[in-house]
Every structure is written in structure tokens, then in C-alpha cells.
Amino acid sequence: MNWVQHIGRQTIGRVAACGRAGVMLFGALFALPSFKNIPLTIRQLYVVGVQSLAIIIVSGVFIGMVMALQGYTILTDYGAEGSLGPMVALSLLRELGPVVTALLFAGRAGSALTAEIGLMKATEQLSSLEMMAVDPLRRVVAPRFWAGIIAMPMLAIIFSAVGILGGHLVGVDWLGVDAGSYWSIMQSTVDWDKDVINGVIKSLVFALVVTWIAIFKGYDSIPTSEGISQATTQTVVFSSLAVLGLDFVLTALMFGIE
Amino acid sequence: MDYLVDVNNMTFSRGDRLIYDGISMRVPKGKITAVMGPSGIGKTTLLKLIGGQLEPDHGDVTFAGESIHKMSRKALYKTRRRMSMLFQSGALFTDMSVYDNVAFPLREHTNLSESVIATVVALKLQSVGLRGAAKMMPSELSGGMARRAALARAIALDPDMIMYDEPFAGQDPISMGVLVKLIRELNDALNLTSIVVTHDVTEVLTIADYIYILADKRVIGEGTSQQIQDSDSELVQQFLQGKADGPVPFHYPAESLSSAFLGESD
């Protein structure tokens, strides 16, 4: 009977954690907005957004370059290297931009958020905020949450833009695809609502999920060195899986059979 | 006598583990009340129960006549402005300087101008002897200084009560002496009520006006420091004199040695 008990306990634990995560999200989203929080949010935007720029730009350029290289070798067999532009742009805007940005964001900013909040808990900073009659949800969680949601779509757009330039670098400047066809076929193929906006919507959803997981894992961590390291790992693993799973669902909804 | 905090027949458990079994204690206004007990007895938990961060299973905790656990969240936050807690680690915000740490509660809860805040912060830091360290970051402070800086932050809003969580733990004799002096002086000068949770017997006997000793989930002794020293309870005497064995056993409960080694069933 032991394993039945085990499954039961695990399930109850998971459900309870979901409940706590929901309560935390509610507290962070619906805490009375305060003007004092705006500078805090801007500071967090710097930490999670601006400081993630380097990794996002470098990855974007390389992914764009690799796609142009791979795409060129395949398309050229069919004499279709003119379609390189739309191929690079569509893959980036629809899939790679939002998804890879979310994965990188989870590794770069999400893990940092979890570790930071976990350590604040371990060093009793969260408790002391509460005892100073300052709600940690409003003061610590909410600014980080909003910063994540604002930063990630912007990072995804930057990722896609830089990737398209990287594709240009390899496809046009190196392999000799015609620059005019790279840009003009891209322009005529890419649809604003269907491709660009849907990519941004995806990235907003990923931002919500990744930031939520990162902050909750920190907030709910066991305040020991082991607990925090575990929470940080879980943040990266859970948010990566959630992003990939949700991406399939969103893609099916957005681009699926009509 | 007037009591600020009244813990009434409170029971609290963590998971399956019973921490407090119907304890009652009262904290007189304007005095220093010490709560002593062996480590692991849940002394910090007691402070969190008084501060409303944890809920008791049964019983009640009142602050200035109002039940902490029956008030609304808003009222609780309002009440917390009148109490303050000094955490064992100090719990300074590591991303802010000492000055900003002390200014933090003022900026959060008042609309004072920066120049007034600067004056208040300087005064509070002066009272703990750290005005010269205002620009330092918490990571640059020694343990004793961090605790004093946290104390300056704790009195920034002029609370009615301060709860000290193990203020003497891990301090060298000088910082210990400084902290003892500060706790006594602040209590008298600011007309505070203090609760000191600790297991440093000698320090407590010198500053506390009233002492509670906790062990085994309940209060095993209470009184002024003279009454405690004269107590005829074996448990209290073991604790005061630091005997290794006594009513609190040296061995954590286990099966007998012979059965553990020789595999004999008892």
C-alpha cells in the first residue's frame, strides 16, 4: 500500500502547491497599485530585461545565421533560395523568437529571480518586511512579476529582429542571395496579425508562465542551501517544459487546421 | 499591572509535531520580558505567533487588548506598525545601504520629506552608535554591527514593542555587552516593551524584569530573575546551570544500546 500512499501524498502536495501559487499570483496581480512600486518595477525591468539583452542578441544572431545556412543548402536544391527571407522570418517570428527567448529567459532571469527571492526568504528579509507591515507580495513579488511580463515580449521581438539580420548576413552577404528578394518576399509573405502579433501573444503567455514559476518557486522554497538550489533547478526545468508544452497548444490554436 | 501582550492557553503544532501545548504568558508594559528555553523549543515560533505570521491551533494572542488572529489583514498590518522585530540574522536588505535600510520603514509608512528622514535616520543610527556607518552596505558589517543596524531600523517608526530573536547568539563579549546595554537603554528611554528570546542565561538574568522558561511544550518556570534563580524546579535549575543531563535528557530518545547493537528485541 506504500506506493498508493506515496502517490496520494504527492498529488495532495502538488495540488496544495498549485493553490499557494494561485494565491500568490492573485496577491501580486491585485495588490493595490501604488506609485511607490513604479521605480521598483523599472529597476527590475533593468535587471531582468536590459541585463538579458546580451544573451538574447548573441543567440538571436547565431540562430538566424544557422537557419540561413541550413535553409540555403536545402532551398537551393529546388532553386528556391529567394524564399530564404520568409523562411527565416516566419520561423523566427512564429516559433523560435518566442520559444528560445522564453527558454533563455528562464535560464538567465528566471533562475536569478528564484535564487534571489529564496535567499530573501532564507535570510528572513521577507519575514522582516511582513513585520514592518510591508506586504512582500506587493513590495518584492509584484514588481518582479510585472517586469518579467513587460520585458519578455520585447526581448522576443529583439531576438527575431536580430535573427533576421543574422540570416541576412549569411544568406545575402555571404552566400549571395539577392538582397531585394530577401526583403521583398519576406515583406509580402509575413502577415502582421497572423505572424507578428501571434508571436507577441505567445511570448506574453510564456512571460506569464515563466515569471510566475520563477517567483513562486523562490517564494515557496525551503529556506536552506539545498532547498534553494532545488528550487532554482525546478524553475528552469518546469518553465522550459511549460513553455514547450504551451507552445504546441498555442501553435495548434493559432496556426492549426482552419 | 498593565499587560501589552497576552498569550492565552495557546496550542500550536507544525504538521504532526506539537510545539506548544496550552501555554499562557503575559508581557507587562514598559518592561523587558525574557523567554528562555533550550534550542529547538520554538522560541522564534512564539515571536511569529505574536507577530501574527503564524496562527495558533487553539487559544488566543492579544496585543493591547485586541486579538491578533481575529483581526482583519488591514488591521493586522496597522498593528504591526506598533510592533517591531529584531531577527537573529538582522535581516537587513542586502541591496541597500545601512542608511536606506533604516529609512525604509519611514519611506514606506510616512510622507516625511527626505530631509526629515535624514535627520530621523541619523538620530536612530546615533542611538545604536552607527551614525558613522550609514553609507556602508550590510555585507561590510560585522555580525554585531548588522544587528545594531537592524535595531536602528526596528525603532525607526517608534514602535510600542520590540521582539528580539536571539539577540546575543554568536556575539563576542564586547558586542554582547553593547547589545545588553542597548536593549536596556532603548527600553527605558523610548518607553518600549521588550520581549527577548534567548538562551544566554547570564545576560538575561541581568536585564530582564520578568522571565519565562519554556521547555517540553509548556512554561516550566516564570518570575523575576531572583525568583527564577531560587526556583526549586529541577528542570529550571538544569537549564540555569547548564547541566548536560537531567530532566532534559542527554540522549535523544532511541532504542536501548544493547538492543541496537546486539539485535535483541526488548
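A salt bridge here is a side-chain nitrogen of Lys or Arg within 4 Å of a carboxyl oxygen of Asp or Glu. With that in hand, let's work through some exercises on this predicted model.

**Exercise 1. Decide whether B:Arg80 and A:Glu130 count as a salt bridge, and find how many the interface has.**

Step 1: Take the closest N and O atoms of B:Arg80 and A:Glu130, which are 3.8 Å apart.
Step 2: Compare that distance with the cut-off: the pair qualifies because the nitrogen has to lie within 4 Å of the oxygen.
Step 3: Apply the rule across the whole interface of chain B and chain A, and you get 4 salt bridges.
Step 4: For polar contacts, the count between the two chains is 11 residue pairs, both residues being at pLDDT 80 or more.

**Exercise 2. Describe the side of chain B that touches chain A, by element and by class.**

Step 1: List the elements that give two or more residues: helix 2 (73-80), strand 6 (83-86), helix 3 (98-109) and strand 7 (161-165) of chain B.
Step 2: Pick out the top contributor, helix 3 of chain B, with 5 residues.
Step 3: Sort this side by class, which gives 11 nonpolar, 7 polar and 9 charged residues.

**Exercise 3. Work out how much area the two chains bury and which three residues of chain B supply the most.**

Step 1: Start with the participants: chain B brings 27 residues to the contact and chain A brings 16.
Step 2: Read off the buried area between the chains, about 1,900 Å², with 52% of it from carbon and sulfur atoms.
Step 3: Look at the share of chain B: B:Tyr77, B:Phe87 and B:Glu108 account for 25% of the area it buries against chain A, more than any other three residues.

**Exercise 4. Characterise two helix pairs within chain A: helix 3 with helix 4, and helix 6 with helix 8.**

Step 1: For helix 3 (residues 53-75) and helix 4 (residues 84-122) of chain A, the packing angle is about 145° and the axes are 10 Å apart. Their crossing is right-handed.
Step 2: Among the residues that meet there are A:Ile56, A:Ile63 and A:Met67 from helix 3, and A:Leu92, A:Leu96 and A:Arg108 from helix 4. By class, this contact has 14 nonpolar, 4 polar and 1 charged residues.
Step 3: Helix 6 (residues 136-174) and helix 8 (residues 192-219) of chain A cross at roughly 150°, their axes coming within 8 Å. This crossing, too, is right-handed.
Step 4: Contact residues include A:Phe145, A:Gly148 and A:Met152 of helix 6, and A:Phe206, A:Ala207 and A:Trp212 of helix 8. Here the division is 18 nonpolar, 3 polar and 1 charged.

Key. Residues are numbered from 1 along each chain as its sequence is written. Chains are lettered from A and ligands numbered from 1 in the order in which they are written. This is a predicted model: local features need pLDDT of at least 70, side-chain atom pairs count only at pLDDT 80 or more; totals for chains, interfaces and linings use all residues. Side-chain values use heavy atoms; hydrogens and water are left out. Contact means heavy atoms within 4.5 Å. Buried area is the accessible area (1.4 Å probe) that two parts lose on being put together, summed over both. A polar contact is a pair of N or O atoms within 3.5 Å; within protein, one must be able to donate a hydrogen and the other to accept it, and residues adjacent in sequence count only if both atoms are side-chain atoms. Helices (H or I, at least four residues) and strands (E, at least two) are DSSP runs, numbered from the N terminus. Ala, Val, Leu, Ile, Met, Phe, Trp, Tyr, Cys and Pro count as nonpolar, Asp, Glu, Lys and Arg as charged, and the others, Gly among them, as polar. Axes are lines fitted to C-alpha atoms, for helices over the stretch in contact, and angles run from 0 to 180 degrees between N-to-C directions. A crossing is left-handed if the near helix is turned anticlockwise from the far one by less than a right angle, and right-handed if clockwise.
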